[in-house]
Amino acid sequence: MKTSEWSFRPVVSVALFCVALVILSGCSSASPLTEMPFPAPVDLAPGEKLRVVATTSIVRDVAANVGRDLIDLALLIPTGTDPHSFEPIPQDVAAVADAHVLLANGVGLEGFLEPLLESAGASRRVVELSTGIRLLDAGENRDQPAEGEPHHPDMDPHTWTDPNNVMVWVENTERTLSTLDPRNAEAYRANAQAYRAQLDELDRWVRDQVARIPVEQRLLVTDHLVFGYLARQYGFTQVGAIIPAYTSLAQPSAKELAELEEAIRDAGVKAVFVGHTVNPNLADTVARDTGTQLVLLYTGSLTENGGDADTYLDYVRYNVSAIVAALK
Ligand SMILES: [Zn+2]
């Protein structure tokens with residue numbers, strides 16, 4: 001039996017939602033979303049399932065592995081959408097208002113979340129799965145914080161690029177589901193344990209693959225600074241990015257692009273990696289200018305079912321295989 005799809009009634013009018021969003025965007029200095037990491041148990045009627053909303057397709061895949069058919073799981077940011085540029089629609093407010101809990105990546109990735117939660121009246125039902133992960137700072141690589149990114153503006157939000165961090169997500173997901181729905185705690189624990197074993201195997205596989213790349217060629221240039229956690233875990237150096245920021249929304253200056261091309265030539269970088277959800281034009285120009293290969297990867301989203309990366313495990317396998325093929 002598969003997890004049932006969850007449909008929502010558009011109970012909030014467009015006009016009302018827009019007004020609320022505009023008003024609330026103006027005062028986004030509210031308390032952090034992590035205020036209540038593991039909410040109290042929910043009163044579920046007999047046969048009623050826990051209703052969970054996941055922000056990204058990667059969060060949803062992790063939640064599906066832990067919750068399986070014991071939860072009703074919905075997705076907020078549609079598959080194939082860049083999470084940095086996502087803007088919620090009124091149906092999303094209804095979805096969040098109806099959910100028992102919303103699972104998010106956190107670390108400021110979901111800049112839209114706070115006004116959305118305020119509109120839905122559900123501001124205390126969010127669990128940020130990256131809670132507990134040792135975060136990377138922006139350091140000097142960061143442009144001005146993007147509009148609508150009130151949380152952790154100087155931290156790298158792309159925690160999922162390291163499977164070891166996703167093991168933390170699994171832990172947080174299991175604790176959340178078990179706390180909200182203690183009757184199924186045993187099953188959540190068993191599911192989480194089985195999935196963690198697969199992540200553990202994935203981590204060993206990534207290590208074996210990366211070992212095939214000569215150490216001096218483990219150099220990453222990407223469309224924005226997306227693979228910091230992968231780099232930290234498996235010994236890559238991030239030489240630079242087309243957009244030298246933790247978001248895909250900024251624009252590089254001509255000077256920054258010239259400096260990047262110089263860094264690529266100096267370091268002998270072999271490839272420029274671009275996410276499927278962003279415009280590849282600038283990266284293509286940089287690759288041509290420097291005589292390097294342009295390689296497409298999956299970054300902020302999985303693929304639709306049947307695609308190359310329709311699970312998190314396949315997402316990592318696809319990306320690492322492509323990186324190894326380009327750099328070895
Ligand atoms: Zn990103």
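This passage describes the fold, the zinc site, the strand pairing, the aromatic pairs and the backbone of a predicted model.

Because the model is predicted, local features were considered at a pLDDT of at least 70 and side-chain atom pairs at pLDDT 80 or more, whereas totals for chains, interfaces and linings use all residues. Residues are numbered from 1 along each chain as its sequence is written, and side-chain values rest on heavy atoms, with hydrogens and water left out.

The secondary structure of the protein chain amounts to 10 helices and 8 strands, taken as DSSP runs (H or I of at least four residues for helices, E of at least two for strands) and numbered from the N terminus. Of the 328 residues in the protein chain, 51% are buried, where buried denotes under 20% relative accessible area, exposed over 50% and partly exposed the range in between, computed with a 1.4 Å probe on protein chains only. Among contacts between residues at least 6 apart in sequence, 69% join residues at least 24 apart, a contact being defined by heavy atoms within 4.5 Å.

The zinc ion is coordinated through the NE2 atoms of His84, His158 and His224, at 1.9 to 2.0 Å; donors are N, O and S atoms within 2.8 Å of the metal (3.2 Å for Na, K and Ca), and since water is not among the atoms, sites may look incomplete. Along the sequence the donor residues follow the spacing H-x73-H-x65-H. His84, in the loop between β2 (71–75) and α3 (90–98), and His158, in the loop between β4 (126–128) and α5 (163–180), are 74 residues apart, and the pair thereby links distant parts of the chain. His84 is buried, with a relative accessible area of 11%, and His158 is likewise buried, at 1% relative accessibility.

In strand β5 (residues 219–224), 6 of the 6 residues are buried, so the strand is largely enclosed by the rest of the structure. Strand β5 runs parallel to strand β6 (residues 237–243), to which 5 bridges join it, strands being regarded as paired if DSSP finds at least two bridges between them. Within this pairing Thr222 stands opposite Ala241 of β6. Between the two strands the chain passes through helix α7 (residues 228–234), giving a β-α-β crossover that is right-handed; this term applies if, with the strands pointing away from the viewer, the path from the first strand over the helix to the second runs clockwise.

Strand β3 has parallel partners in both β1 (residues 50–54), over 3 bridges, and β4, also over 3 bridges. Val52 has Val101 of β3 as its bridge partner, while Leu103 is matched with Val127 in β4. In a regular strand the side chains alternate between the two faces of the sheet. Both faces of β3 are covered, with Val101 and Leu103 buried on one side and Leu102 and Ala104 buried on the other.

Helix α10 (residues 312–327) comprises 16 residues and reaches 22 Å from its first C-alpha to its last, close to the 22 Å expected at 1.5 Å a residue, the expected span being 1.5 Å times one less than the number of residues. Its buried residues include Leu313, Val316, Ile323 and Leu327. The structure holds 3 aromatic pairs, defined for rings of Phe, Tyr and Trp (its six-membered ring) whose centres lie within 6.5 Å, with planes under 30 degrees apart counted as stacked, over 60 as edge-to-face and the rest as tilted. One of these pairs, Tyr298 with Tyr318, is edge-to-face, at 4.9 Å centre to centre and 65 degrees between the planes. Because Tyr298 lies in the loop between β8 (293–297) and α10 and Tyr318 in helix α10, the pair ties together parts that are 20 residues apart in sequence. Tyr298 is buried, with a relative accessible area of 10%, whereas Tyr318 is partly exposed at 26%. Tyr312 and Tyr315 form a stacked pair, at 5.8 Å centre to centre and 25 degrees between the planes; being 3 residues apart in helix α10, they are separated by about one helical turn, and both are buried.

Most residues other than glycine have a negative phi. Arg68, in the loop between α2 (57–67) and β2, has a positive phi near 40 degrees and is partly exposed at 41% relative accessibility. Val107, in the loop between β3 (101–104) and α4 (113–120), has a positive phi near 60 degrees but is buried, at 4% relative accessibility.
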